[in-house]
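These are my notebook entries on one structure, set down in the order in which I looked things up. I kept to strands, disulfides, one threonine and the aromatic rings.

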Amino acid sequence: FDKTHTIAANVCYRYQTRAVSSLCLVNNPTQRPRETDVCLINEGKPTGNSGAPLQATTLSQRASGKSEITFTFQVENKGTGSVYSPDLIPKKECTDRANEDILDWVQVTIKSPEGLSIDCAKLNNGSQGKVRLIKGITTISCKLDTSRLTQAAPFTSEVLVHLDYAYKTHFSKQITVENVG
């Protein structure tokens, strides 16, 4: 008689997501917008991501002071696997039970546009640190000090977000061993 078996495997690997978006910058972001402005301060911005399971999404920005812009984005697990701190890979143990302390942690690094000072509360008031996903998502808000900018008219500049993490997926397949006798 034939016998059916299930073959299963956990696969853990290091992953890095690179996301890019354009911010609208100006020395005094509280000034009224003009028809000739090339961009708007208070609006959502499109975000491009590498084809990774963890993505930076829904970036928006707003003026938060005479020389300050706040931008906010979400880090979201768009895949079907589990996110772990990059510390998982050296541990060489790809199971949930052994790694609960590093489950849902991701290392975030933000490259500030124009070399501006950046302050993200969830990133220890800096531009890099570890954050925890809750139900596959977290929101990060950052402040940019625009006082060093000399341009009176708004202009666009790229902000880069790097996400560094380990990712675990599970595969299973049923096979049938046929009796040849």
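## Buried rings and other look-ups

**Entry 1, a pair of phenylalanines.** I began with Phe71, which at 0% relative accessibility counts as buried. I keep in mind throughout that this is a predicted model. Phe71 forms an aromatic pair with Phe73, and I find the two rings stacked, with 6.3 Å from centre to centre and 15° between the planes. Phe73 is buried as well, its relative accessible area being 1%.

**Entry 2, the tyrosines.** How many aromatic pairs does the count come to? I get five aromatic pairs. For Tyr13 and Tyr15 I find ring centres 5.5 Å apart and planes at 50°, so I note this pair as tilted; the angle falls in neither the range under 30 degrees that counts as stacked nor the range over 60 that counts as edge-to-face. I then looked up the accessibility of both residues: Tyr13 is partly exposed, with a relative accessible area of 28%, and Tyr15 is partly exposed too, at 24%. Following the ring pairs onward, I arrive at a cluster that links Tyr13, Tyr15, Tyr165 and Tyr167.

**Entry 3, Thr17.** I looked up Thr17 next, which is found in strand β1 (residues 3-25). Is Thr17 buried or exposed? I find it buried, at 0% relative accessibility. The side chain of Thr17 makes a polar contact of 2.8 Å with the side chain of Tyr165, a tyrosine that I had already entered as a member of the ring cluster. Leaving aside residues up to four places away in sequence, I list among the residues that Thr17 touches Asn49, Ser50, Ala52, Leu54 and Gln55, and also Val161, His162, Leu163 and Tyr165.

**Entry 4, the open sheet.** In which order do the strands of the open sheet of five strands run? I read the order as β2-β4-β5-β10-β8, with antiparallel pairing. The edge strands are β2 (43-45) and β8 (118-120), each of which pairs on one side only. From one strand to the next I note a twist that averages 25°. At the β2 edge, I find that three bridges join β2 to strand β4 (residues 54-65), the two running antiparallel, and that Lys45 has Leu59 in β4 as its bridge partner.

**Entry 5, β7 and its partners.** I then turned to strand β7 (residues 105-111), which pairs with β9 in the antiparallel sense over five bridges; here Val108 has Gly129 in β9 as its bridge partner. β7 also pairs with strand β11 (residues 155-177), again in the antiparallel sense and over five bridges, and in β11 I find His162 opposite Thr109. His162 is one of the residues that I listed as touching Thr17. Why do I call β7 largely enclosed by the rest of the structure? Five of its seven residues are buried, so I record the strand in that way. In a regular strand the side chains alternate between the two faces of the sheet. I looked up both faces of β9 (residues 128-132) with this in mind, and I find Gly129 and Val131 on a covered face, whereas Gln128, Lys130 and Arg132 lie on an uncovered one.

**Entry 6, the disulfides.** How many disulfides does a search of the whole structure find? My search finds two disulfides. One of them joins Cys24 to Cys39, with an S to S distance of 2.0 Å, and the torsion about its S-S bond is about 75°, so I enter this disulfide as right-handed. The pair links distant parts of the chain, with Cys24 in strand β1 and Cys39 in the loop between β1 and β2, 15 residues apart. I find both Cys24 and Cys39 buried.

Cys120 and Cys142 are likewise joined by a disulfide, S to S 2.0 Å, and the torsion about their S-S bond is about 105°, so I enter this disulfide as right-handed too. Here the link runs from Cys120 in strand β8 to Cys142 in strand β10 (residues 137-145), distant parts of the chain that are 22 residues apart. I note that β10 and β8 stand next to each other in the order of the open sheet. Cys120 is buried, with a relative accessible area of 0%, and Cys142 is buried with a relative accessible area of 0%.

Key
Residues numbered from 1 in each chain as written. Predicted model: local features only at pLDDT ≥ 70, side-chain atom pairs only at ≥ 80, totals over all residues. Heavy atoms only, no water. Phe/Tyr/Trp six-rings, centres within 6.5 Å; stacked < 30°, edge-to-face > 60°. Buried < 20%, exposed > 50% of the residue type's maximum accessible area, 1.4 Å probe, protein only. Pairing = 2+ DSSP bridges. Axes fitted to C-alpha atoms, helices over the stretch in contact; angles between N-to-C directions. Polar contact = N/O pair within 3.5 Å; in protein donor to acceptor, adjacent residues only side chain to side chain. Contact = heavy atoms within 4.5 Å. Disulfide = S-S within 2.5 Å.
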